[in-house]
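Grab your viewer and work through these exercises on how a fold packs its inside. Each one comes with a worked solution.

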Amino acid sequence: MPPYSNRLYKICIVGDGGVGKTTILHRFVDGVFLENAKLTIGTNFFLKSVKLEDENIKVILQIWDLSGQERFSIIRPNFYSGAKGIIYTFDLTRKLSLINLLKWKNEIEHVIGETPSILLGNKIDLILDIGEQIILKEECELKRKQINAQFFFETSAKNNIGISKAFNIISRRIYESLKIEHL
Ligand code: G3D
Ligand code: MG
């Protein structure tokens with residue numbers, strides 16, 4: 001059985017503190033908007049199975065959340081080791097969180113090289129509320145290219161926008177990349 005048939009994929013979700021990583025995972029895995037994400041600091045990873053639609057295949061995602069460790073660069077490389085996919089996340093209301101993604105990308109690349117990845121701009125609900133974009137779509141697209149992510153999605157963990165779609169796409173990208181690797 002080729003290794004890609006295992007279909008347990010380690011994924012890391014990265015980005016500055018407060019962009020919504022833990023909340024996104026709770027939304028995706030438990031289907032809820034967690035009001036107080038700080039309570040979940042002890043959790044290291046989440047498991048969730050995803051069905052790849054037209055392939056009729058199920059994969060299990062093991063998604064690692066940095067929790068409070070965003071600040072501790074010395075231990076972060078341990079998180080990345082063995083990851084098959086990366087979810088870069090920023091907050092659509094905080095430009096600095098978008099700018100900082102290049103640092104995350106450089107750090108990750110040192111450990112695992114090029115990997116399937118997607119870019120999430122979270123908290124779109126806040127942007128829809130104020131009715132005005134803080135970060136232009138073009139800037140997001142530019143960053144997506146800079147960090148070499150394959151797709152960009154606007155998400156809201158609060159209002160459940162774009163999240164399951166994003167995880168489906170990254171699962172598919174990983175599946176396809178491993179399939180090619182083992183041909
Ligand atoms: P992190 O894991 O990246 O550090 P958290 O981020 O998941 O802890 O989320 C940080 C804050 O953003 C939390 O609010 C959380 O409720 C909020 N948040 C996460 N996703 C969304 C979203 O899609 N929309 C909105 N409006 N808020 C979101 P608190 O108040 O607990 O700091
Ligand atoms: Mg967190």
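A nonpolar core here is a set of buried Ala, Val, Leu, Ile, Met, Phe, Trp, Tyr and Cys residues joined through side-chain atoms within 4.5 Å; buried is under 20% relative accessible area and exposed over 50%, with partly exposed in between (1.4 Å probe, protein chains only). This is a predicted model, so local features need pLDDT of at least 70 and side-chain atom pairs pLDDT 80 or more, while totals for chains, interfaces and linings use all residues. Residues count from 1 along each chain as written, chains are lettered from A and ligands numbered from 1 in written order, and side-chain values use heavy atoms, without hydrogens or water.

**Exercise 1.** Find the hubs of the largest nonpolar core and its main supplier.

*Step 1.* Among the 26 residues of this core, F28, L61, I63, I87 and F167 touch the most other members.
*Step 2.* At least two residues each come from β1 (8-14), α1 (21-30), β2 (45-52), β3 (57-65), β5 (117-122) and α7 (163-181); helices (H or I, at least four residues) and strands (E, at least two) are DSSP runs numbered from the N terminus.
*Step 3.* The top contributor is α7, with seven residues.

**Exercise 2.** List the contacts of F28 (heavy atoms within 4.5 Å) beyond four places in sequence.

*Step 1.* F28 meets K48, V50, L61, I63, I163, S164 and F167.
*Step 2.* Now look for the second, separate core: it has 23 residues, including Y80, I135, A149 and F152.

**Exercise 3.** Sort out the two faces of α6 (residues 137-146).

*Step 1.* C140, K143 and R144 are buried. They span an arc of only 105 degrees (directions from the helix axis to the C-beta atoms), so they sit on the same side of α6.
*Step 2.* On the face turned away, E138, L142 and K145 are exposed.
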